[in-house]
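I opened a notebook page for a structure that is new to me. My plan is to look up a few places one by one and write down what I find.

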Amino acid sequence: VQLQASGGGLVQAGGSLRLSCVVSGRAISTYTLGWFRQAPGKEREFVATISRNDGQAYYEDSVKGRLTIFRPNAESTLYLDMNSLKPEDTAVYYCAAGGPMSVVAAAYDYWGQGTQVTVSS
């Protein structure tokens with residue numbers, strides 16, 4: 001299984017971005033999918049996860065209402081819509097695929113290469 005993340009960039013505070021993660025090698029429906037992020041000097045942290053079957057999603061508290069994770073049924077792509085971005089959202093964002101829904105990075109077996117999101121104040 002391979003994951004390829006894209007869509008990062010530089011945006012002003014209050015702006016929006018859409019991250020994409022193309023999943024190849026195995027049916028996307030096989031996996032729970034998630035987004036994590038890692039800011040400079042910090043550990044990788046959970047952002048959002050979505051179930052493999054019913055679309056149930058779970059978010060880290062600081063991103064609720066601003067970020068939306070989704071996985072259209074007809075596509076092999078995971079998305080993260082990011083709105084009302086804040087400077088503290090600046091990080092490298094990673095997509096991941098695994099088994100059970102989890103906020104723990106170790107629960108995910110496959111990782112994309114990361115895409116940089118920078119939010120200026």
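In which strand does threonine 118 lie? I looked it up and found threonine 118 in strand 11, where strands (E, at least two residues) and helices (H or I, at least four) are DSSP runs numbered from the N terminus.

Before going on, I noted that this is a predicted model, in which local features need pLDDT of at least 70 and side-chain atom pairs count only at pLDDT 80 or more, while totals for chains, interfaces and linings use all residues. I also noted that residues are numbered from 1 along each chain as its sequence is written, and that side-chain values use heavy atoms, with hydrogens and water left out.

**Entry: the whole chain.** I counted zero helices and 11 strands in the protein chain. For its size, I read that a compact globule of 121 residues would have a radius of gyration near 14 Å, and the 13 Å of the protein chain agrees with this; the radius is taken over C-alpha atoms, and the globule rule is 2.2 Å times the number of residues to the power 0.38. The C-alpha trace spans about 40 × 30 × 25 Å along its principal axes. I found that 44% of the 121 residues count as buried, a term that stands for under 20% relative accessible area, with exposed over 50% and partly exposed in between (1.4 Å probe, protein chains only). Among contacts (heavy atoms within 4.5 Å) between residues at least 6 apart in sequence, 56% join residues at least 24 apart.

**Entry: strand 11.** I then followed strand 11, residues 115-120, whose covered face holds Thr115, Val117 and Val119 and whose uncovered face holds Gln116, Thr118 and Ser120. Two strands pair if DSSP finds at least two bridges between them, and strand 2 (residues 9-12) pairs with strand 11 in the parallel sense over four bridges. Strand 9 (residues 91-98) also pairs with strand 11, here in the antiparallel sense over three bridges. Valine 117 appears in both of my look-ups, as the bridge partner of glycine 9 and as the residue opposite alanine 91.

Back at threonine 118, I found a relative accessible area of 28%, so this residue counts as partly exposed. Leaving aside residues up to four places away in sequence, threonine 118 touches Gly9, Leu10, Val11 and Thr90. Its C-alpha atom is separated by 11 Å from that of glycine 15, although the two are 103 residues apart along the chain.

**Entry: strands 7 and 8.** Strand 7, residues 67-70, has Leu67 and Ile69 on its covered face, and Thr68 and Phe70 on its uncovered one. I saw that strand 7 and strand 8 (residues 77-82) run antiparallel and are joined by four bridges, with leucine 67 opposite methionine 82. The hairpin between these two strands goes through six residues.

**Entry: two serines in loops.** Which residue has a positive phi of about 50° although it is not a glycine? That is serine 84, which I located in the loop between strand 8 and strand 9; with a relative accessible area of 41%, serine 84 is partly exposed. Serine 62 sits in the loop between strand 6 (57-59) and strand 7, and at 36% relative accessibility serine 62 counts as partly exposed. I last noted that the C-alpha atoms of serine 62 and valine 47, which are 15 residues apart along the chain, are separated by 8.7 Å.
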